[in-house]
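Me: I have a structure open here and would like to talk it through with you. Could you start with whatever term I need for the strand pairing, and then go on from there?

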Amino acid sequence: MTAPASGPAGNEYDHPSIAAAYDAENAWGRDDDFFLALAAETLGSRLLDLGCGTGRLTVALAAAGHDVTGVDPAGAMLAVARTKPGAEKVNWIEGGAASARTRSFDLALMTSHVAQVFVDDLEWSDTLRHLARALGPGGRLAFDSRDPAARAWEGWPGVSSIDDGTVSFTSTNELPDGTVLAVDSILRFRSEPELRASVESAGFAIEAIYGGWSREPVGDGDGELIVVATRRTA
Ligand SMILES: C[S@@+](CC[C@H](N)C(=O)[O-])C[C@H]1O[C@@H](n2cnc3c(N)ncnc32)[C@H](O)[C@@H]1O
């Protein structure tokens, strides 16, 4: 039997089976090392992890001594996060960027391509503005987004459309009881100039955009656009 997976607000992650399987399919990697190192080198230790999911990185950041708030609209993902050793050190919030308190953070992260779930440009610019407000002047923002020039979707099964920077695809997950979940996803691939312009117009100065997890230039490395920016003071 194939059943569609979709959460109450159309977020495919807000499904108990998807959340339960997430960590097994998303092992710790060089991206996590990168963000952990970035947190260690940032002045101030109040961290916001937007789209924290099952808290893979969130609990590691808290274990490293940071004061961490994990925000995600998917209750099913947060339910998994809350069961982890060390989860009690994290302030978990079910919601989106608007739930982050004003001027309360030194560093805001969106990891594992959370930035690409914001398909609509208005939703993306609103999210960046909420993050700028949550950080206050001098705070840092870092996130990853796949570089459209690397065309990662060409290696993905189930891609049904590629249109105007947006890729739609269906993946299937087999559950222990034999049920097959069909998961529909849409991701936005923004180019380096698009990311740069959107981040700057939300009140940030770009520190760097890397192409890979060893801080390679764009076009080299891992097919990523890894943005590190600082909230402008005025
Ligand atoms: C690929 S997972 C990444 C999870 C986590 N950052 C990690 O490194 O494993 C994407 C996450 O983005 C969350 N998400 C979806 N829509 C969101 C929104 N509007 N605001 C914040 N997070 C959102 C999903 O619920 C999901 O947990």
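Reply: Two strands are taken to pair if DSSP finds at least two bridges between them. In this model, which is predicted, strand β3 and strand β4 (residues 91–94) meet that condition, pairing in the parallel sense over four bridges.

Me: OK, and which residue of β4 stands opposite G70?

Reply: That is W92, which stands opposite G70 in the pairing of β3 with β4. Between these two strands the chain passes through helix α4 (residues 75–81), and the β-α-β crossover that results is right-handed.

Me: What about β2, how many bridges join that one to β3?

Reply: Five bridges join strand β2 (residues 46–50) to β3, and the two run parallel. Within that pairing L50 has V71 of β3 opposite it. The connection from β2 to β3 goes through helix α3 (residues 56–63), and this β-α-β crossover is right-handed.

Me: And is β3 itself enclosed or in the open?

Reply: Strand β3, which spans residues 67–72, is largely enclosed by the rest of the structure, because five of its six residues are buried. Buried here stands for a relative accessible area under 20%.

Me: Let me move to β5. Which of its residues are on which side, and are they buried or exposed?

Reply: In strand β5 (residues 107–110), L107 and L109 are on one side, while A108 and M110 are on the other, and all of them are buried, so that both faces are covered. That fits the general pattern, in which the side chains of a regular strand alternate between the two faces of the sheet.

Me: What does β5 pair with?

Reply: On the one hand, β5 is joined to β2 by three bridges, running parallel, and there L47 stands opposite L107. On the other hand, four bridges join β5 to β6, again in a parallel arrangement, with R140 of β6 as the bridge partner of L107. Together with helix α5 (residues 121–135), β5 and β6 make up a right-handed β-α-β unit.

Me: Switching to the ligand, since that is what I would look at for docking. Which residues come nearest?

Reply: There are 18 residues around the ligand, and N11, G51, R56, D72 and S112 come nearest. By class, the shell divides into 10 nonpolar, five polar and three charged residues.

Me: Which side chains have a polar atom by an oxygen of the ligand, and at what distance?

Reply: One of them is D72, with a polar side-chain atom 2.6 Å from an oxygen atom of the ligand. For Y22 the corresponding distance to a ligand oxygen is 2.9 Å, and for S112 a polar side-chain atom also lies 2.9 Å from an oxygen atom of the ligand. As for coverage, the ligand has 600 Å² of accessible area on its own, of which the protein covers 91%.

Me: R56 was on that list. What is the distance between W28 and R56?

Reply: From C-alpha to C-alpha, W28 and R56 are 7.7 Å apart in space, although 28 residues separate them in sequence. W28 is found in the loop between α1 (16–25) and α2 (30–41), and with a relative accessibility of 40% W28 counts as partly exposed.

Me: There is another tryptophan, W156. Where is that one?

Reply: W156 is placed in the loop between β6 (140–146) and β7 (159–163), and its relative accessibility of 24% makes W156 partly exposed as well. The C-alpha atoms of W156 and T170 are separated by 9.5 Å, with their positions 14 residues apart along the chain.

Me: And β7, how many of its residues are buried?

Reply: Of the five residues of β7 the number buried is zero, so this strand lies largely in the open. Four bridges join β7 to β8, and the two run antiparallel, with T166 of β8 as the bridge partner of D163. These strands form a hairpin with two residues between them.

Me: Which residue in that turn has a positive phi?

Reply: That is D164, whose phi in the turn is positive at about 55°. D164 is exposed, with a relative accessible area of 70%.

Me: Where is R215, and what is its phi?

Reply: R215 is in the loop between β10 (204–210) and β11 (224–231). Its phi is near 65°, a positive value in a residue other than glycine, and R215 counts as partly exposed at 34% relative accessibility.

Methods:
Residues are numbered from 1 along each chain as its sequence is written. This is a predicted model: local features need pLDDT of at least 70, side-chain atom pairs count only at pLDDT 80 or more; totals for chains, interfaces and linings use all residues. Side-chain values use heavy atoms; hydrogens and water are left out. A residue is near a molecule or strand if one of its heavy atoms lies within 4 Å of it. A polar contact is a pair of N or O atoms within 3.5 Å; within protein, one must be able to donate a hydrogen and the other to accept it, and residues adjacent in sequence count only if both atoms are side-chain atoms. Accessible areas come from the Shrake-Rupley method with a 1.4 Å probe; for residues, only the protein chains shown count as cover. Ala, Val, Leu, Ile, Met, Phe, Trp, Tyr, Cys and Pro count as nonpolar, Asp, Glu, Lys and Arg as charged, and the others, Gly among them, as polar. Buried means under 20% relative accessible area, exposed over 50%, partly exposed in between (1.4 Å probe, protein chains only). A crossover is right-handed if, with the strands pointing away from the viewer, the path from the first strand over the helix to the second runs clockwise.
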